[in-house]
Amino acid sequence: MPFGELQLSNMTAIASPPAFHPPRQFANAAEWLASLGNVPPDRIICDPWPGTATEADLLRLVERDEHFCELIDGTLVEKPVGAWEGLIAANLIFILKSYLAKNRLGVVFGDASPMRMKFGRVRLPDVSFVSYARLPKALDPILALSPDLAVEVLSEGNTTAEMGLKLVEYFQSGTRLVWFIDPRPRTVAVYHQPGEPTTV
C-alpha cells in the first residue's frame, strides 16, 4: 500500500532557544522522529513543546477542532485528514451501526474518540468498535482501552513506519482486528496481528 514518505525541510535557526530542554531520551532527531513513525515534521505540534504534552492538551485541541492529534510519549502528532477519507469513515460507521441495530454487540466510535493504549499513548482510530463486555462504565473523555476493531482510513501523509507502530500498539493493547482502508487503490488490508495482512 502506498504511503507518504518523510520529507525533511531545511531547518531555520532559532533566534533565542527555548528555556525548556527535553530529556535526553534520544541520541539525535532522527531517532526521535523514528519513534514517532517518521511522520513529516509539519505534523508535529510544538505548542506545547514536544515531550511535555499531556492528555489535557490533546483534549483541548480536539474539542476546539483545532487539530486532530494523537499523543505519543508527550508529543502531539497531528492526524492527516481529507474529505474523501472522512466520507469513507462516515459510510463505514453507518454500515456498522445498521448491523449493530439488529445485533446488539457493542458500540461504534468516530474519529474524535481518543483511546489510551496499553503503554499510555493515545490514538484516534478513524472508526472503532468496542463490545459491550469491554465498554467502560465511566464517562471519561479518553477511553482507557484499545478497541476490538480499529479502522484507519489512510491519507497520503501517513507513513509506513507510523502505521506499523499503530498495528503493534493496537494488538499489544487488546485489539483483535485492524482494517487499513486505502482510498487510492480502493483496498482494505485486514490484520489479525502485526506484520503482513491476513487478506487484502
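Student: How many bridges join strand 3 to strand 6, and in which sense do the two run?

Tutor: Strands of a sheet pair through backbone hydrogen bonds, either parallel or antiparallel. In this predicted model, strand 3 and strand 6 run antiparallel and are joined by four bridges. To find the register, take V107, which stands opposite V130 in strand 6.

Student: Which helix packs on the sheet and touches strand 3?

Tutor: Helix 3, residues 83-102, does; its contacts also take in strand 6, strand 7 and strand 8. The direction of helix 3 makes about 170° with that of strand 3. Helix 4 packs on the sheet as well, touching strand 7, strand 8 and strand 9. Its direction makes about 160° with that of strand 8.

Student: What is the strand order of the open sheet?

Tutor: The order is 3-6-7-8-9, five strands with mixed pairing. Strand 3 (106-109) and strand 9 (187-191) are at the edges with a single partner strand each, so one side of each has no neighbour in the sheet. On average, neighbouring strands are turned by 15° against each other, direction ignored.

Student: Where does the mixed pairing show up around strand 7, and which residues give the register?

Tutor: Look at its two partners. With strand 6 (residues 127-131), strand 7 pairs in the antiparallel sense over three bridges, and S128 stands opposite A150. With strand 8 (residues 177-182), strand 7 pairs in the parallel sense over five bridges, and V151 stands opposite W179.

Student: What unit do strand 7, helix 4 and strand 8 make?

Tutor: They make a right-handed β-α-β unit, with helix 4 spanning residues 160-172.

Student: Why is strand 7 described as largely enclosed by the rest of the structure?

Tutor: Burial is judged residue by residue, with a cut-off of under 20% relative accessible area. Five of the five residues of strand 7 (residues 149-153) are buried, so the strand is largely enclosed. Both faces are covered: L149, V151 and V153 are buried on one side, A150 and E152 on the other.

Student: Is F68 buried or exposed, and where is it found?

Tutor: F68 lies in the loop between helix 2 (55-63) and strand 1 (69-72). F68 is buried because its relative accessible area is 19%, and the cut-off is under 20%.

Student: Which residues is F68 in contact with, leaving aside neighbours within four places in sequence?

Tutor: Its contacts are V62, V77, E78, K79, D111 and A112. As for C-alpha separation, F68 and L58 are ten residues apart along the chain, and their C-alpha atoms are separated by 8.2 Å.

Conventions:
Residues numbered from 1 in each chain as written. Predicted model: local features only at pLDDT ≥ 70, side-chain atom pairs only at ≥ 80, totals over all residues. Heavy atoms only, no water. Buried < 20%, exposed > 50% of the residue type's maximum accessible area, 1.4 Å probe, protein only. Contact = heavy atoms within 4.5 Å. Pairing = 2+ DSSP bridges. Right-handed = clockwise from strand over helix to strand, strands pointing away. Axes fitted to C-alpha atoms, helices over the stretch in contact; angles between N-to-C directions.
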